[in-house]
Amino acid sequence: MKTVLQKHKAVSDNGMLIFDPESENAQKLALHYSKKIGDTLAKKFFSSQIALSNKDEAYHIASIFWELSDLAADDNQKNIAVEGIVDLEFWMYKLLNITSGYMEKSGYKKQWLAAKDAYDNSITPSHSHPTP
């Protein structure tokens with residue numbers, strides 16, 4: 001399978017998100033929290049089973065990312081290890097870069113930014129996340 005490598009991720013020629021070995025913990029966290037909230041599309045996307053096929057799916061995944069990020073932030077504050085991973089903030093930041101990079105490369109940058117704006121408008125000042 002042909003892949004195009006970009007920083008911390010690869011997008012296969014059929015559009016699926018591929019995690020490189022150095023980003024395995026980011027994928028583990030994405031899958032853990034996707035399962036925790038019961039989101040089938042997110043589980044399939046972050047396990048590289050599907051590519052996003054339209055703007056609605058892209059917006060959904062972008063929105064879900066921020067929900068996953070909040071869950072990780074809560075676990076991180078409580079010093080909870082997830083899937084044996086203790087440095088949750090580092091790996092979620094890596095997942096942020098991977099996911100936003102995928103969105104841009106796949107033509108869904110507007111959906112990513114719209115979901116980010118919606119998230120930013122819904123949070124309190126004490127919950128903030130980095131911007132890609």
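These legends accompany several close-up views of a predicted model.

**View 1. The largest nonpolar core brings together residues from several parts of the chain.**
Let us start on the inside. The largest nonpolar core has 33 residues. Those with the most contacts inside this core are Leu-29, Phe-46, Leu-52, Leu-95 and Met-103. At least two core residues come from each of β3 (17-19), α1 (24-37), α2 (40-46), α3 (55-77), α4 (88-105) and α5 (109-122). Take Met-103 as an example: which residues is Met-103 in contact with, leaving aside its neighbours within four places in sequence? They are Leu-52, Ala-58, Ile-61, Ala-62, Tyr-108, Lys-109 and Trp-112.

**View 2. Helix α1 packs its buried residues against β3, α2, α3 and α4.**
Helix α1 is built from 14 residues. From its first C-alpha to its last, α1 reaches 20 Å, close to the 20 Å expected at 1.5 Å a residue. Which residues of α1 are buried? Look for Ala-26, Gln-27, Leu-29, Ala-30, Leu-31, Tyr-33 and Ser-34. One of them, Leu-29, is also listed among the residues with the most contacts inside the largest nonpolar core. After α1 comes Gly-38, with a positive phi near 75°.

**View 3. Glu-24 and Lys-28 form a salt bridge within α1.**
How many salt bridges does the structure hold? There are 2, and this view shows the one between the side chains of Glu-24 and Lys-28. The N to O distance here is 3.6 Å. Both residues belong to helix α1, where they sit 4 residues apart, about one turn of the helix. Are these two side chains hidden from the surroundings? Glu-24 has a relative accessibility of 41%, so this residue counts as partly exposed. Lys-28 is partly exposed too, because its relative accessible area is 32%.

**View 4. Ile-85 is a buried residue in the loop between α3 and α4.**
Loops can be worth a close look as well. Is Ile-85 buried or exposed? Its relative accessibility is 3%, so Ile-85 counts as buried. Not counting residues up to four places away in sequence, Ile-85 touches Asn-25, Lys-28, Leu-29, Ile-80 and Trp-91. Lys-28, one of these, is 57 residues away from Ile-85 along the chain, and the two C-alpha atoms are separated by 8.9 Å. This is the Lys-28 that forms the salt bridge with Glu-24 in View 3.

**View 5. The buried residues of α5 line one face of the helix.**
With 14 residues, α5 reaches 20 Å from its first C-alpha to its last, close to the 20 Å expected at 1.5 Å a residue. Its buried residues are Gln-111, Trp-112, Ala-115, Lys-116 and Tyr-119. Why do we say that they line one face? Seen down the axis of α5, these buried residues fall within an arc of 135°, so they line one face of the helix. Among the elements covering them are α3 and α4. On the face turned away from the buried side, you will find the exposed residues Lys-110 and Asn-121.

**View 6. Lys-116 and Asp-120 form a salt bridge within α5.**
In this salt bridge, the closest N and O atoms are 2.7 Å apart. The partners lie 4 residues apart in helix α5, about one turn of the helix. Now compare how each partner is placed. Lys-116 has 6% relative accessibility and therefore counts as buried, whereas Asp-120 is partly exposed, with a relative accessible area of 32%.

**View 7. Phe-45 and Tyr-102 form an edge-to-face aromatic pair.**
The structure holds 7 aromatic pairs. In this one, the ring centres are 4.9 Å apart and the planes of Phe-45 and Tyr-102 stand at 70°, so the pair is edge-to-face. Phe-45 lies in helix α2 and Tyr-102 in helix α4, so the pair ties together parts that are 57 residues apart in sequence. Phe-45 counts as buried, at 0% relative accessibility. Tyr-102 counts as buried as well, at 1%.

**View 8. Trp-66 and Tyr-119 form a stacked aromatic pair.**
Their centres are 5.2 Å apart, with 20° between the planes. Trp-66 comes from helix α3 and Tyr-119 from helix α5, so that this pair links distant parts of the chain, 53 residues apart. Both residues are buried. Together with Phe-65 and Trp-112, Trp-66 and Tyr-119 form one aromatic cluster.

Technical notes:
Residues numbered from 1 in each chain as written. Predicted model: local features only at pLDDT ≥ 70, side-chain atom pairs only at ≥ 80, totals over all residues. Heavy atoms only, no water. Core = buried A, V, L, I, M, F, W, Y, C linked by side-chain atoms within 4.5 Å. Buried < 20%, exposed > 50% of the residue type's maximum accessible area, 1.4 Å probe, protein only. Contact = heavy atoms within 4.5 Å. Salt bridge = Lys/Arg side-chain N within 4 Å of Asp/Glu carboxyl O. Expected span 1.5 Å × (residues − 1). Arc of directions from axis to C-beta. Phe/Tyr/Trp six-rings, centres within 6.5 Å; stacked < 30°, edge-to-face > 60°.
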